[in-house]
Amino acid sequence: MTTLNTTGKVLYKKKMRVGRGIGSGKGKTSGRGVKGQKSRSGVAIKAFEGGQMPLYRRLPKRGFNAIKRYQAIIAIMNLEKIQTFITEKTINSGDVINMALLKKLKLINKNSQKLKILGTGEIKDKVNIEADLVSKSAVEKLEKAGGTIQLKK
């Protein structure tokens with residue numbers, strides 16, 4: 001049985017009540033056939049293909065996952081983010097923006113080991129940045145604004 005709204009559209013369809021007599025169309029065995037594993041409750045034969053070699057075993061194994069034990073945690077900072085911090089007066093444009101300053105102001109994660117500057121957005125102020133990594137677009141935009149970037153070795 002379906003429930004309709006005022007415009008005649010179906011709101012929801014009632015769930016089929018299995019095992020409610022022969023007249024319901026899903027009585028006695030409730031559409032599960034007779035006996036066997038699939039007729040019982042709590043059974044899931046997900047990848048079984050009737051004795052045929054399952055798909056996950058037919059396909060070849062490809063590639064591997066290298067163990068990334070000593071991967072450095074890199075903090076990423078966009079130029080637009082730096083500009084918003086300067087306009088909000090969180091960072092002074094005269095200061096050298098580096099890892100220590102950003103960690104002290106809790107703008108990046110304290111566990112970060114490297115700082116990368118990316119060139120998304122615009123920067124208007126003249127700033128001095130000290131970072132481990134930097135994108136080409138960030139260097140161009142910083143130099144255009146009159147700022148400098150110093151890379152750590």
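Which residues does UniProt assign to the feature "domain: Large ribosomal subunit protein uL15/eL18"? In the unreviewed UniProt entry, this feature is placed at residues 77-149. The structure examined here is a predicted model. In this model, the span 77-149 is 34% helix and 23% strand, and its end C-alpha atoms lie 13 Å apart.

The largest nonpolar core contains 20 residues. Within this core, the residues with the most contacts are M77, I82, I97, L115, I117 and I129. At least two core residues come from each of β3, α2, α3, β5, β6 and α4. Helix α2 makes the greatest contribution, with 4 residues.

Helix α2 spans residues 79-87, and its buried residues are L79, I82, Q83, F85 and I86. These residues lie on the same side of α2, because the arc they cover around the axis is only 160 degrees. An α-helix has 3.6 residues a turn, so residues three or four places apart point the same way. The packing partners of the buried α2 residues are the strands β3 (74-78), β4 (96-97), β5 (114-118) and β6 (128-131), together with helix α4 (136-145). Just after α2, K89 adopts a positive phi of about 65 degrees.

Strand β5 shows an alternating pattern of side chains. L115 and I117 point to one face and are buried, whereas K114, K116 and L118 point to the other face and are not buried. In a regular strand the side chains alternate between the two faces of the sheet. Contacts of I117, neighbours within four places in sequence being left aside, are made with M77, L79, I82, I129, A131, L133, V134, S135, A138 and I149. Strand β5 runs parallel to β3, to which it is joined by 5 bridges; in this pairing, I74 stands opposite K114. Strand β5 also runs parallel to β7 (residues 133-134), with 2 bridges between them, and K116 stands opposite L133 of β7.

An open sheet is formed by 3 strands in the order β4-β6-β8, with parallel pairing. The edges are occupied by β4 and β8 (148-151), each of which has a single partner strand, so one side of each lacks a neighbour in the sheet. The parallel pairing of β6 and β8 extends over 4 bridges, and N128 has T148 of β8 as its bridge partner.

Two further buried positions are found in α3 and in the loop before this helix. L102 belongs to helix α3 (residues 99-104) and has a relative accessible area of 1%. Apart from neighbours within four places in sequence, L102 contacts M77, I91, I97, L107, I108 and L115. A145 is 43 residues away from L102 along the chain, and the C-alpha atoms of the two residues are separated by 21 Å. N98, in the loop between β4 and α3, has a relative accessible area of 17%; N98 is therefore buried, as the limit for a buried residue is under 20%. When residues up to four places away in sequence are not counted, N98 touches L115 and E130. L115 is thus in contact with L102 and with N98, and is one of the residues with the most contacts inside the largest nonpolar core.

Notes: Residues numbered from 1 in each chain as written. Predicted model: local features only at pLDDT ≥ 70, side-chain atom pairs only at ≥ 80, totals over all residues. Heavy atoms only, no water. Buried < 20%, exposed > 50% of the residue type's maximum accessible area, 1.4 Å probe, protein only. Arc of directions from axis to C-beta. Contact = heavy atoms within 4.5 Å. Pairing = 2+ DSSP bridges. UniProt positions renumbered as here; feature names shortened; annotations may be inferred. Core = buried A, V, L, I, M, F, W, Y, C linked by side-chain atoms within 4.5 Å.
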